[in-house]
Amino acid sequence: MTDPITIAIDGPAGSGKSSVSKEAARRLGYGYLDTGAAYRALAWHVLEHGADTSDAAAVVDAAGDFDYAISLDPDDYWVRVGQASVTEAIREPRVSSAVSGVARVPVIREQVNVLFRRLVAESGRPGVIVEGRDITTVVAPDAPVRILLTAAPEVRAARRSAELTTQDAAAVAAALHKRDASDSQVVDFLTAAPGVTVVDSTDLDFAQTVDAVLAVVRSGTEGSR
Ligand SMILES: Nc1ncnc2c1ncn2[C@@H]1O[C@H](COP(=O)(O)OP(=O)(O)OP(=O)(O)O)[C@@H](O)[C@H]1O
Ligand SMILES: Nc1ccn([C@@H]2O[C@H](COP(=O)(O)O)[C@@H](O)[C@H]2O)c(=O)n1
């Protein structure tokens with residue numbers, strides 16, 4: 001069996017990585033791997049231990065009994081830690097606020113990157129769209145298609161705010177920008193590495209963004225299967 005084609009997509013918070021990647025994967029018959037979910041699930045697990053994600057030793061300790069599973073099916077997305085379904089819980093603001101602490105621990109990044117590569121290799125799909133912050137540069141730097149999906153900060157904040165209607169828009173925007181500032185100290189997902197194609201969705205609607213991503217995928221994979 002040949003290895004799946006990897007489509008690598010990075011970008012800042014709220015740029016549309018997960019929603020656009022999921023829809024593009026459906027259209028291609030590919031798998032979809034949300035790498036942020038692993039960091040979020042570990043942050044959730046650390047919080048369940050009553051620990052603080054800014055304590056690297058506590059994060060490494062909690063990772064010792066972190067029984068993580070994720071679906072790569074874009075039509076049946078779920079995330080589990082042990083017997084617990086955490087698909088919704090890992091999107092809660094308390095987890096979003098805590099996740100950057102987990103992402104800052106180098107040994108954790110190494111461990112999850114090994115897991116991501118294994119999940120892609122064992123996906124049983126012709127291809128997998130893998131999205132996150134360091135996929136184009138660290139996890140899959142040799143992927144045939146590498147995309148930086150971006151949008152203006154105020155547009156990203158407005159889109160996220162439209163999702164979280166019960167929360168104050170200014171607070172949602174502040175939390176999104178704070179997370180980007182913290183995450184960008186660890187990996188650079190704001191500038192495209194050499195060979196990475198930028199898709200800027202500031203002036204595109206959702207369907208146009210999916211089409212723009214699919215056009216990059218098609219031009220990068222022509223003749224590969
Ligand atoms: N081009 C677009 N036009 C309008 N809305 C969009 C567009 N792209 C994404 N969205 C919407 O923006 C919101 C944020 O998208 P999404 O959750 O996919 O971003 P993300 O990059 O995965 O964020 P995070 O990194 O915080 O998980 C969603 O409600 C999504 O439907
Ligand atoms: N490749 C990645 C993916 C994610 N992170 C960290 O996880 C957080 C949550 O990611 P979302 O895509 O669900 O927003 C993110 O804020 C990063 O801290 C990462 O470091 N590398």
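Which residues does valine 130 touch, not counting residues up to four places away in sequence? Here are a few friendly notes, starting there.

1. This is a predicted model, so please read the points below as describing a prediction. Valine 130 touches Thr6, Ile7, Ala8, Leu33, Thr35, Phe116, Val120, Ile135, Val139 and Ala140, leaving aside residues up to four places away in sequence.

2. Val130 also appears in the largest nonpolar core, which has 51 residues. Together with Ile7, Ala8, Leu42, Ala43, Val102 and Ile129, Val130 is among the residues that touch the most other members. Helix 2 (residues 36-48) contributes the most to this core, giving eight residues. In soluble globular proteins, nonpolar side chains tend to be buried together.

3. Next, have a look at ligand 2, which is surrounded by 14 residues. The closest are Gly36, Tyr39, Ala103, Gly132 and Arg133. Helix 2, helix 4 (93-103) and helix 8 (169-183) are the elements that each supply two or more residues to this shell. By character, the shell residues split into five nonpolar, four polar and five charged.

4. Helix 1 (residues 17-28) is worth a look too. Its twelve residues reach 16 Å from the first C-alpha to the last, close to the 16 Å expected at 1.5 Å a residue. Just after helix 1, glycine 29 adopts a positive phi of about 75°.

5. The buried residues of helix 1 are Lys17, Val20, Ser21, Glu23, Ala24, Ala25 and Leu28. They pack against strand 1 (5-10), strand 2 (31-34), strand 6 (127-132), strand 7 (145-150) and helix 9 (206-221).

Methods:
Residues are numbered from 1 along each chain as its sequence is written. Chains are lettered from A and ligands numbered from 1 in the order in which they are written. This is a predicted model: local features need pLDDT of at least 70, side-chain atom pairs count only at pLDDT 80 or more; totals for chains, interfaces and linings use all residues. A nonpolar core is a set of buried Ala, Val, Leu, Ile, Met, Phe, Trp, Tyr and Cys residues joined through C-beta atoms within 7 Å. A residue is buried if 20 or more other C-beta atoms lie within 10 Å of its own, exposed if 12 or fewer, and partly exposed in between; C-beta atoms are placed from the backbone. Helices (H or I, at least four residues) and strands (E, at least two) are DSSP runs, numbered from the N terminus. Two residues are in contact if their C-beta atoms, placed from the backbone, lie within 7 Å. A residue is near a molecule or strand if its C-beta atom, placed from the backbone, lies within 6 Å of it. Ala, Val, Leu, Ile, Met, Phe, Trp, Tyr, Cys and Pro count as nonpolar, Asp, Glu, Lys and Arg as charged, and the others, Gly among them, as polar. The expected span of a helix is 1.5 Å times one less than its number of residues.
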